[in-house]
Amino acid sequence: MEKFYAYMDRMKFIKRWQLMRSTREENIMEHSQSVAMLTHGLCCIENAVFGGNVNAERAVLFAVYHEASEVMTGDLPTPIKYFNSSIHGEYEKLEDRAVGKLASTLPEELKMEISPYLAADKNCTEYKFMKAADKLSAYLKCLEELRSGNNEFVQAEKTIKEALKNLNMRSVDYFMEHFVPAFALTLDELEGL
C-alpha cells in the first residue's frame, strides 16, 4: 500500500492564517493551487513579455508541492516562524525531515520523478518565481479579506505589498499593474454588466 497521495490529500485539512480572523478560511491545498497558477502566470509573463527563459513546468511543480511538509508539521504562523533565526532554522530542519518522510512513502520507481519537487533547489530561478507567486497569493488573500471589510489584514496587505515591490521582479510588477486591479471587481463588473 502506497501512502504518498493519501498524505497529499490531507493538505485540505491544514488551515492558513491561523492567528488572524478570516472571513473565509483557506487551506494549504487551495493555496498551493493558487500558487501554482500564479507561478505559471509569472513565468509566462517573464518568458513571453520580457523574453526570459524560465522553465515554467519546473516552477509550477515546485508550487504544487511547496506546502507538502505541512501535512506533518502543520502551518506554523509567519510571526512565530520568523520570530528569530534560531526558531526559523529549527523549523526548516523539521520541514526537511517531513519532506524526507513524505519522499519515503513513494514507491522506488517514482522517487526520482517526484522527490526533486518536494525538496526544491532553493537557489534556482524557478524556485524564485514560485516564492514570488507564494507571496503574491498571500497578497491577493489580503485584498479579498479587505474587500470583505476585514481590517485584520490591513497591516499584512501593506507589508506584503512592500515585500512584492522589493523583489524587483519585472514579471511581478507587470502582474501587479495588469492583473491585480481586476481582483477588486464584482462578478457583474467582470462580466461587464
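**Close-up views of a predicted model**

Arg16, Glu26 and Glu67 are joined in a network of salt bridges. Every view below comes from a predicted model, and each legend stays with one small group of residues.

**View 1. Arg16 and Glu67 link two loops.** Start with the pair inside the network: Arg16 makes a salt bridge with Glu67, and the closest N and O atoms are 3.4 Å apart. Arg16 sits in the loop between helix H1 (4-9) and H2, while Glu67 sits in the loop between helix H3 (56-65) and helix H4 (70-73), so the pair ties together parts that are 51 residues apart in sequence. Are these two residues buried or exposed? Arg16 is buried, with a relative accessible area of 12%, and Glu67 is buried too, at 8%. In general, side chains of opposite charge can pair when their charged atoms come close.

**View 2. Lys12 and Asp9 meet in a salt bridge.** Here the N to O distance between the two side chains is 2.9 Å. Lys12 counts as partly exposed because its relative accessibility is 36%, between the 20% and 50% cut-offs. Asp9, at 37%, is likewise partly exposed. For the wider picture, the count of salt bridges in the model comes to 11.

**View 3. Lys141 and Glu145 pair within helix H8.** Both residues lie in this helix, four residues apart, which is about one turn of the helix. Their side chains meet in a salt bridge of 2.6 Å, N to O. Lys141 is buried, with a relative accessible area of 3%, and Glu145 is buried at 0% relative accessibility.

**View 4. Phe4 and Tyr5 form an aromatic pair.** The count of aromatic pairs in the model comes to seven. In the pair shown here, Phe4 and Tyr5 are edge-to-face, with 4.8 Å from centre to centre and 85° between the planes. Phe4 counts as buried because its relative accessible area is 1%, under the 20% cut-off. Widen the view a little and Tyr65 comes in: Phe4, Tyr5 and Tyr65 form one aromatic cluster.

**View 5. The second largest pocket has a lining of 13 residues.** About 250 Å³ of space lies in this pocket. Which residues lie nearest its centre? They are Glu26, Ser34, Ser137, Leu140 and Glu144. You may recognise Glu26 from the salt-bridge network that also holds Arg16 and Glu67. H2 and helix H8 (125-147) each supply at least two residues of the lining.

**View 6. Gln33 lies in helix H2.** This helix covers residues 28-49. Gln33 is partly exposed, with a relative accessible area of 45%. How many residues apart in sequence are Gln33 and Gly51? They are 18 residues apart in sequence, and 26 Å apart in space from C-alpha to C-alpha.

**View 7. Leu185, Leu187 and Leu190 form a nonpolar patch on the surface.** Together these three leucines have about 300 Å² of accessible area. One of them, Leu190, is found in helix H11, which spans residues 187-191. Leu190 counts as exposed because its relative accessibility is 52%, over the 50% cut-off.

How values were computed. Residues are numbered from 1 along each chain as its sequence is written. This is a predicted model: local features need pLDDT of at least 70, side-chain atom pairs count only at pLDDT 80 or more; totals for chains, interfaces and linings use all residues. Side-chain values use heavy atoms; hydrogens and water are left out. Rings of Phe, Tyr and Trp (its six-membered ring) pair if their centres lie within 6.5 Å; planes under 30 degrees apart count as stacked, over 60 as edge-to-face and the rest as tilted. Buried means under 20% relative accessible area, exposed over 50%, partly exposed in between (1.4 Å probe, protein chains only). Patches are made of residues with over 30% relative accessible area and no salt bridge: like charges are joined within 9 Å, nonpolar side chains (Val, Leu, Ile, Met, Phe, Trp, Tyr) within 5 Å. Accessible areas come from the Shrake-Rupley method with a 1.4 Å probe; for residues, only the protein chains shown count as cover. A salt bridge is a side-chain nitrogen of Lys or Arg within 4 Å of a carboxyl oxygen of Asp or Glu. On a 1 Å grid over the protein atoms alone, a cavity is a set of points where a 1.4 Å probe fits but cannot get out, and a pocket is an open set with protein on both sides within 12 Å along at least five of seven lines; lining residues have an atom within 4 Å of a point. Grid points are joined across faces, edges and corners, and a volume is the space filled by probe spheres set on the points.
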